[in-house]
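Me: I'd like to go through the salt bridges in this one. Can you walk me through a few?
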Amino acid sequence: MLQDQIFKANDIRGVTSGDSPEWDTAGAAALGVAYVRLMKGADGGPVEFVVGRDMRTSGPDFSAAFVAGARSEGARVVVAGLTSTDELWFVSGHLDLPGITFTASHNPARYNGVKFCLAGARPVTPEFLRQLKHDAQALDTAGLDLAAIATAARTCGSAREQDYLAEYAAHLHALVPLDGIRRLKVVVDAGNGMAGHTAPSVLGPLNLDLDVLYGDLDGTFPNHQPNPLIPENLVDAQRRVVETGADLALVFDGDADRCFAIDETGAVVDPSAITAMIAEQELAREPGATIVINTITSASVPEIVTENGGTTVTSRVGHTYVKALMAEHDAIFGGEHSAHYYFRDFYFADTGMLAGLHVLSLLGHSDRPLSQLVAKYIRRVGSGEINSDVDDQQASMDLVARAFDGRGTQDRVDGLTVRGDGWRVNLRPSNTEPLLRLNVEAVDRATMESLRDEVLGLVRG
């Protein structure tokens with residue numbers, strides 16, 4: 001089973017359990033067969049790739065079914081086992097092989113999915129995903145002989161298991177100046193996700209007092225959902241920072257490719273401020289470099305990049321789009337509002353852990369608290385991302401566009417964006433969920449709240 005709705009703009013993601021599953025292990029096997037056939041190309045030579053998975057309960061069965069389908073077509077598979085998504089990007093770059101990881105990122109426990117990259121952690125294209133969908137669904141509809149696939153997998157292709165956690169940690173340490181930082185007390189909220197696997201190896205050797213919340217890998221997420229974009233999922237880390245007098249907290253999503261920071265007062269640091277702070281540091285290292293942002297990153301960021309002699313390139317929201325622009329422009333760094341951070345030295349891929357190390361380095365080499373360090377990068381008031389369920393996403397955006405006609409400029413590069421004097425409204429469909437996402441920012445809170453409430457009234461009314 002491979003229902004249409006599991007194929008998203010950047011990856012695959014869908015429900016695997018309960019009364020209405022959207023895909024199953026037979027579908028995963030079909031994906032494995034289709035993937036290898038698609039990757040063979042004109043020469044028809046053997047396909048080699050690396051596969052990883054997160055801690056979701058369906059991960060072992062789904063990834064094994066995919067590998068069986070791939071091996072039945074003669075593929076050579078490097079099985080990296082439990083990996084965060086950014087660790088999988090590292091392995092792909094390190095081995096110069098295409099990569100696949102089974103994860104549903106921040107989605108609830110009943111979901112699983114697949115993220116793909118080409119050799120060197122390069123992003124796949126939308127055309128690749130469309131062709132994979134077509135081919136895999138055709139195989140699934142025709143009906144695969146799973147017993148024959150299992151038999152063929154035992155004699156065709158190959159699979160070798162190897163763990164790359166130590167190499168991943170060493171690579172990250174080599175990219176950030178961490179020697180000589182003052183001792184910091186750091187809360188890490190792993191959310192029972194993959195940061196519980198990677199954080200001890202990456203952060204453990206550093207001059208830190210680590211206080212890990214929910215570090216046990218548990219794909220049922222018994223403590224809170226692994227989505228730091230939702231404020232209620234940050235409350236435990238905020239409380240822990242204040243109660244223990246920690247210097248900061250780092251909060252990761254389920255597959256640990258995103259990282260949110262919480263300052264010593266318990267306040268959540270705007271990811272745009274983190275983007276500006278790291279961009280300034282990277283531009284000091286390479287003057288004149290290019291920084292990639294997305295369409296809803298705060299307007300403060302390109303201002304600060306320009307002030308530091310850099311160039312800004314704007315991408316649509318989504319890791320495949322940002323990665324492509326990072327490589328195209330040889331950008332040194334990129335940041336998204338959702339706390340995805342991209343680095344040239346990390347194969348142009350996104351890594352929440354490396355962003356966290358940059359924050360620790362900047363804080364550890366300063367005698368000021370995090371709240372003071374980030375203050376100069378916050379020039380506007382943002383609404384945060386507000387999600388709405390709507391019956392017709394396009395009609396809702398058109399309604400808002402008509403209401404704002406004559407007030408600022410509009411574009412449809414990524415959903416609907418309206419820009420006025422000192423304010424911006426962006427309303428766009430989610431790439432991964434059936435939602436319409438609203439982001440508003442303005443130079444003052446009253447303007448932001450007025451615009452926010454006006455748009456929500458139209459969308460939800």
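Reply: Sure. The side chains of Asp 350 and Lys 323 form a salt bridge, 3.8 Å from N to O. A salt bridge is a side-chain nitrogen of Lys or Arg within 4 Å of a carboxyl oxygen of Asp or Glu.

Me: Where do Asp 350 and Lys 323 sit in the chain?
Reply: The pair links distant parts of the chain, 27 residues apart. Asp 350 is in strand β15 (residues 349-350) and Lys 323 is in helix α11 (residues 319-328). Helices (H or I, at least four residues) and strands (E, at least two) are DSSP runs, numbered from the N terminus.

Me: Is Asp 350 buried or exposed?
Reply: Buried, at 1% relative accessibility. Lys 323 is buried at 1% too. Buried means under 20% relative accessible area, exposed over 50%, partly exposed in between (1.4 Å probe, protein chains only).

Me: What kind of model is this?
Reply: It is a predicted model: local features need pLDDT of at least 70, side-chain atom pairs count only at pLDDT 80 or more, and totals for chains, interfaces and linings use all residues. Residues are numbered from 1 along each chain as its sequence is written, and side-chain values use heavy atoms, leaving out hydrogens and water.

Me: How many salt bridges does the structure hold?
Reply: 31. One of them joins Arg 239 and Asp 236, at 3.4 Å from N to O. These two are three residues apart in helix α8 (residues 235-244), so about one helical turn separates them. Arg 239 is partly exposed, at 44%.

Me: Which residues are linked in a network?
Reply: Glu 303, Glu 307, Arg 379 and Arg 380, through salt bridges.
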